[in-house]
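Me: I've got a model open and want to talk through its packing and charge pairs. Can you walk me through it?

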Amino acid sequence: MQQLTAIRGFLLYILVVFLNAFVDLGHKIVIQNTIFKTWDGQTQIVLTAIVNGLILLPFILLFTPSGFLSDRFPKQKVLRYGALAAVAGTALITVCYLNGWFLAAFTLTLLLSIQSAVYSPAKYGYIRELVGDEHLAEGNAWVQAVTIVSILAGTFLFSVLFERYFIDVAGPAGFAAADEVLREIAPLGFILIGLSLLEWLLAMLLPQRQAGDHRKQIDLQGYLRGRYLRTNLRAIRSSRAIWLSIVGLALFWAISQVLLAAFPAYAKATLAVTNTVLIQGLLAASGVGIVFGSLLA
C-alpha cells in the first residue's frame with residue numbers, strides 16, 4: 001500500500017495547510033493579546049467573543065459560494081488565489097499595526113476570516129483528489145493533526161513574540177492603550193507577511209488533479225433569499241450520521257468558544273496572571289488531545 005508521504009504533492013499540501021492555519025491564528029493571537037493587555041472584566045470578555053464571532057461568521061454565511069467556487073474551478077487554483085489574498089490581507093494588517101490603528105486591525109480579522117472561509121472547501125476537497133478514497137480517512141487525520149499542531153505552535157510563538165515586543169504603555173485608567181500596543185508589536189506583521197508569501201509560493205507548486213466543472217452556476221437571488229441554505233439543511237437532515245456529527249461538532253466548538261472568551265478575563269482578575277504566553281498556552285493545551293484523537297480516529 002502506497003504511503004501518503006510518497007504521493008506527489010502531499011507533503012507540499014501539508015505545508016500549505018500548516019502555514020494557512022499559522023497565519024490565520026497569528027493575527028487572532030495578536031488581537032486577543034492586545035485586548036487582554038488593554039481591558040479586563042466584561043469588556044474583555046465581550047471583545048474576545050466578538051473576535052471569535054468575526055472568525056466564525058464567514059464560515060456560516062459563505063459556505064454556499066465558497067463550495068461553488070471549489071466545485072467550479074480546479075481546487076489548487078482556488079488555493080493559489082486564496083493564498084495570494086492572504087498576502088494582501090496581512091499587508092493591510094501590518095499597515096494597521098505600524099500606525100496603531102486598533103479598530104481597523106480588529107475589523108480586518110473579518111477579512112482574513114472571509115479568505116479562510118472561501119479557502120476551506122477547496123483545501124479539504126483537495127485531500128480526496130490528492131490521496132484518493134483509499135487513503136481519505138488517513139489524509140483527513142493528517143490534515144486535522146497538522147492544523148492543530150499549527151495552532152499550538154502559532155499560539156506559543158506569537159504569544160512569546162508578543163511579550164518580547166510589548167511595552168506596557170499605561171493610560172489614565174492604568175491600562176495599556178490598544179493603539180500603542182499595536183505599534184510596539186508591529187514587527188509581528190512582517191512575520192505574517194513572510195509566512196503568507198511562503199504559503200502562496202508553495203501553493204503555486206501544487207499539482208492539478210481534477211479540472212473544475214464550468215457547468216456549475218450559482219443563483220445569486222436564490223442565495224440571498226436563503227434558498228440554498230434551506231436545500232442544504234434538508235440534505236444534511238436526510239442523513240442521521242451527518243446531522244449528528246454536525247450537532248456534536250457544533251456543541252464541542254460552542255463550549256470551546258465560551259472558554260476562550262471567559263478564561264483570560266478570569267485568569268487576569270482572579271489569578272493575577274498577565275503573561276499572555278501562560279494564558280494562551282493553557283488554552284492551547286486542549287489541542288494536544290485533539291491531535292491524538294485525530295490520529296487515533
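Me: Let's start with R128: how accessible is it?

Reply: Quick ground rules: this is a predicted model, where local features need pLDDT of at least 70, side-chain atom pairs count only at pLDDT 80 or more, and totals for chains, interfaces and linings use all residues. Numbering runs from 1 along each chain as its sequence is written, and side-chain values use heavy atoms, with hydrogens and water left out. On the scale used here, buried is under 20% relative accessible area, exposed is over 50%, and partly exposed is in between (1.4 Å probe, protein chains only). R128 counts as partly exposed, because its relative accessibility is 49%.

Me: Which residue does R128 form a salt bridge with?

Reply: A salt bridge here needs a side-chain nitrogen of Lys or Arg within 4 Å of a carboxyl oxygen of Asp or Glu. For R128, the closest N and O atoms of the pair are 2.6 Å apart. The partner counts as exposed, at 54% relative accessibility. That partner is D133.

Me: And how far apart in sequence are the parts that K75 and E129 tie together?

Reply: K75 and E129 form a salt bridge with closest N and O atoms 3.1 Å apart. K75 counts as buried at 12% relative accessibility, and E129 is buried too, at 15%. Helices are DSSP runs (H or I, at least four residues), strands are E runs of at least two, and numbering goes from the N terminus. K75 sits in helix α4 and E129 in helix α5, so the pair links parts whose separation in sequence is 54 residues.

Me: Which helix holds both R183 and E180?

Reply: These two form a salt bridge, with the closest N and O atoms 3.0 Å apart. R183 is partly exposed at 38%, and E180 is partly exposed at 29%. They are 3 residues apart, about one turn of the helix, and that helix is α7.

Me: What supplies the largest share of the largest nonpolar core?

Reply: A nonpolar core is a set of buried Ala, Val, Leu, Ile, Met, Phe, Trp, Tyr and Cys residues joined through side-chain atoms within 4.5 Å. The largest one has 52 residues, and Y13, Y97, F106 and I185 have the most contacts inside it. Helices giving at least two residues each include α4 (75-99), α5 (102-131) and α8 (187-203). The largest share, 13 residues, comes from α1.

Me: Which residues does A203 touch, leaving out those up to four places away in sequence?

Reply: A203 lies in helix α8 and is buried, with a relative accessible area of 0%. Its C-alpha atom is 8.4 Å from that of K77, 126 residues away along the chain. Taking contact as heavy atoms within 4.5 Å, A203 touches V16, L79, R80 and A83.

Me: Last one: which element gives the largest share of the lining of the largest cavity?

Reply: On a 1 Å grid over the protein atoms alone, a cavity is a set of points where a 1.4 Å probe fits but cannot get out, and lining residues have an atom within 4 Å of a point. The search of the whole structure finds 1 cavity of 30 Å³ or more. Q32, F36, Q44, T48, P264, I279, Q280 and L283 line the largest cavity. The largest share of that lining, 3 residues, comes from α12.

Methods: 1 Å grid on protein atoms, 1.4 Å probe; cavity = no way out; pocket = protein on both sides within 12 Å on 5 of 7 lines; lining within 4 Å. Points joined across faces, edges and corners; volume = space filled by probe spheres on them.
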